[in-house]
Protein chains: 2
Amino acid sequence: MTRPTMEDVALRAGVSRALVSLVMRGSPKVSDLRRSAVLKAAEELGYSPHAMARSLASRTSTVLGVMVSDLHNAFFAEVVDGIDAVAREQGFDIIINTGGRSPSRERRALDSLQSFRPAGLILLSPVVPANAIAKAAEQLPIVLVARSSRVTNVDTVNDDGEQGLGLAVEHLVSLGHKRIAHLDGGEGSQAGPRRRGYLAAMERYGLEPQVVPSEYTDTGGARAIRQLLDAGDLPTALLSCNDFNAVGAISALEDAGLRVPDDVSVVGYDNTSLAALRHVSLTTIDQPRAEFGRLAAEALLQRVRGERTEPVRHLLHPSLVVRSTTAPPGGKQ
Amino acid sequence: MTRPTMEDVALRAGVSRALVSLVMRGSPKVSDLRRSAVLKAAEELGYSPHAMARSLASRTSTVLGVMVSDLHNAFFAEVVDGIDAVAREQGFDIIINTGGRSPSRERRALDSLQSFRPAGLILLSPVVPANAIAKAAEQLPIVLVARSSRVTNVDTVNDDGEQGLGLAVEHLVSLGHKRIAHLDGGEGSQAGPRRRGYLAAMERYGLEPQVVPSEYTDTGGARAIRQLLDAGDLPTALLSCNDFNAVGAISALEDAGLRVPDDVSVVGYDNTSLAALRHVSLTTIDQPRAEFGRLAAEALLQRVRGERTEPVRHLLHPSLVVRSTTAPPGGKQ
DNA sequence: TTGTATGCGTTATCAA
DNA sequence: TTGATAACGCATACAA
């Protein structure tokens with residue numbers, strides 16, 4: 001059960017440890033004969049280099065740590081895909097840990113990740129306080145995704161939520177809607193920019209804004225709708241803070257005998273796999289998630305290599321995905 | 001940017017490295033005075049122990065590796081929650097890596113995980129060939145979740161898919177259904193037991209089975225329904241191989257002007273968060289996911305501690321979750 | 001209660 | 001091209 005070491009491989013191949021080390025690192029200064037002998041011995045023994053020992057001895061790391069705030073959310077999975085692609089391409093490994101949306105657990109995850117002395121850290125929508133991030137950033141390069149920061153030694157990658165809601169308003173206005181409400185994400189991450197984008201766009205079109213307090217869940221969306229119905233104050237179109245909220249809102253509308261999009265149009269945000277389901281077919285705003293991941297990894301690697309010390313603030317363009325939950329008001333075509 | 005070491009802490013606290021080491025490991029044989037001095041110095045320096053160096057020196061590891069075959073699937077997130085709870089409780093850290101459902105990428109993830117020399121590995125629904133698993137199992141303890149194995153040095157945690165489909169058939173029969181078809185998962189993981197459970201249950205009730213080839217996706221479910229419709233051969237109830245498939249099937253049924261559950265009842269499998277959405281409200285079979293994780297972590301830690309060498313094969317009981325997609329046939333109450 | 005060797009698996013630096 | 005030797009950061013005796 002004890003794993004073989006370089007020593008074992010060297011012994012079996014009849015060479016020195018140093019030679020094995022060279023072969024493992026792909027050095028060109030080894031004869032083909034010896035190289036294949038070493039490789040063969042390693043294969044037979046099931047040997048693979050000990051990352052920790054290697055990192056210790058070389059004083060470098062080829063590991064990037066990724067903290068995913070919520071593993072349950074498929075949004076992050078696609079970001080990780082982007083990170084993974086770039087990291088692998090550049091010879092880095094990633095290790096993932098999760099914070100479960102709890103600040104304390106997230107802090108533990110951060111410590112755990114750091115205990116491996118990775119070359120850098122990417123935090124996906126972290127909920128820990130800003131000073132915890134700033135402190136970590138003193139020790140190693142850090143990139144934030146879906147969370148902003150003003151600390152000068154951390155890079156950020158976000159989507160332009162203001163623009164996203166602007167697109168949504170524009171879409172509804174072009175369909176002929178005038179009464180457009182926003183189901184607000186409250187304290188949720190990025191809820192602020194989305195709200196601001198909504199308000200700004202409504203003003204641009206000279207329309208009266210209506211912000212309904214809600215949250216990033218389907219039950220939250222349903223609750224907001226019931227409030228609107230009770231108040232007898234239903235608009236012709238709804239802009240949800242995210243897809244889950246939109247789906248909950250649609251359910252509540254249908255429960256009340258209303259039809260989407262005939263009676264009310266609904267737009268989500270995020271373009272999760274949920275929105276794409278035929279059964280749901282939600283008009284929504286797409287964020288370029290894999291691009292988030294790629295840009296984050298690239299920014300991090302630039303820091304790791306010391307190629308840059310100035311912070312970068314990526315603000316990506318969201319895009320509108322029209323599906324089946326939006327139509328002209330009043331069911332007219 | 002270079003992280004402090006024990007040496008730095010010792011220097012600042014005015015003690016020896018060894019003392020710092022004792023404090024870090026929580027040894028009781030240190031005076032309170034010195035302990036707090038060390039802790040203070042560590043805090044000020046932002047020091048935390050170097051996991052790799054520690055593991056190297058102690059010849060032990062407090063890390064469990066977790067390979068998640070598909071980060072996009074929330075199913076695994078809940079399993080990870082269970083693993084994480086047990087691991088943390090017993091003083092272990094976890095590191096996660098993902099295989100993206102691709103055997104080659106998964107193999108890379110396995111190698112990467114192993115390069116950290118974790119105490120053990122938990123593989124969630126891996127798609128790598130069995131011999132790759134067997135080979136890895138020679139080097140360290142391995143537990144499989146949602147995949148079976150006959151290798152004697154790996155433990156497995158699965159749900160009893162036969163029983164699960166038995167429950168579903170029983171439910172439909174009790175509602176009065178006689179024509180019950182199974183949308184089969186094909187080569188997918190656990191599709192076999194589910195199919196067998198279906199066939200066995202149908203036989204128990206003296207009903208004619210109907211297995212429709214399909215797959216674990218919503219488009220697969222929709223396609224299967226269109227086939228049935230084209231053949232003019234629609235049963236009164238459908239048992240999907242999983243929730244995604246069920247949702248796709250429901251969409252296709254509704255597209256064809258049929259109503260669920262009035263015209264056709266549909267049952268899913270997995271009880272994903274999707275099924276729980278009010279908008280979907282799918283009757284389905286629940287697997288105790290967090291329990292999967294807890295049992296897997298416990299099994300692994302038993303091996304790690306050398307408390308057990310016999311393999312354990314957990315087969316957990318699934319349960320029926322009745323929601324709104326099943327009703328008596330013909331819409332009668 | 002504290003300090004001092006020794007070694008963990010590997011890389012890096014020299015000599016040979 | 002190869003083989004010794006000293007780090008790397010830490011834990012573990014053991015001695016003081």
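Which polar backbone atom is 3.2 Å from a base oxygen of DNA strand C? In this predicted model, the atom belongs to Ala57(B).

## Surroundings of DNA strand C

DNA strand C has 21 residues around it, and those that come nearest are Met6(A), Ser21(A), Arg25(A), Tyr47(A) and Arg34(B). Sugar or phosphate makes up 77% of the strand C atoms within 4 Å of the protein, and bases make up the rest. By class, the surface near this strand consists of twelve nonpolar, five polar and four charged residues.

At least two residues of the surface near DNA strand C come from each of H4 of chain A, helix H2 (17-24) of chain B and H4 of chain B. H4(A) gives the most, with four residues. Two further polar contacts can be listed for this strand. An N or O atom in the side chain of Arg54(A) is 2.7 Å from a phosphate oxygen, and a backbone N or O atom of Ala53(A) lies 3.5 Å from a base nitrogen.

## Surroundings of DNA strand D

DNA strand D is surrounded by 22 residues, the closest being Arg34(A), Arg59(A), Met6(B), Arg25(B) and Tyr47(B). Of the strand D atoms that come within 4 Å of the protein, 80% are accounted for by sugar and phosphate. The nearby surface divides into eleven nonpolar, five polar and six charged residues.

Backbone atoms of chain B meet the phosphates of DNA strand D at two residues: a backbone N or O atom of Met6(B) is 2.6 Å from a phosphate oxygen, and one of His50(B) is 3.3 Å from a phosphate oxygen. On the chain A side, a polar backbone atom of Leu56(A) is 3.4 Å from a base oxygen of the strand. Helix H2 (17-24) and helix H4 (51-58) of chain A, together with helix H4 (51-58) of chain B, are the elements that give two or more residues to the surface near DNA strand D. H4(B) gives the most, with five residues.

## A buried aspartate in chain B

Asp159(B) belongs to strand S5 (residues 154-159) of chain B. Asp159(B) is buried but has no salt bridge, and Arg194(B), the nearest side chain of opposite charge, is 4.6 Å away.

What joins the side chains of Asp159(B) and Tyr269(B)? A polar contact of 2.7 Å does. Leaving aside residues up to four places away in sequence, Asp159(B) touches Gln190(B), Tyr269(B), Gln287(B), Phe292(B), Leu315(B), Leu316(B) and Pro318(B).

How values were computed: Residues numbered from 1 in each chain as written. Chains lettered and ligands numbered in written order. Predicted model: local features only at pLDDT ≥ 70, side-chain atom pairs only at ≥ 80, totals over all residues. Heavy atoms only, no water. Near = heavy atom within 4 Å. Polar contact = N/O pair within 3.5 Å; in protein donor to acceptor, adjacent residues only side chain to side chain. Nonpolar A, V, L, I, M, F, W, Y, C, P; charged D, E, K, R; others polar. Buried < 20%, exposed > 50% of the residue type's maximum accessible area, 1.4 Å probe, protein only. Lys, Arg positive; Asp, Glu negative; His and termini not counted. Salt bridge = Lys/Arg side-chain N within 4 Å of Asp/Glu carboxyl O. Contact = heavy atoms within 4.5 Å.
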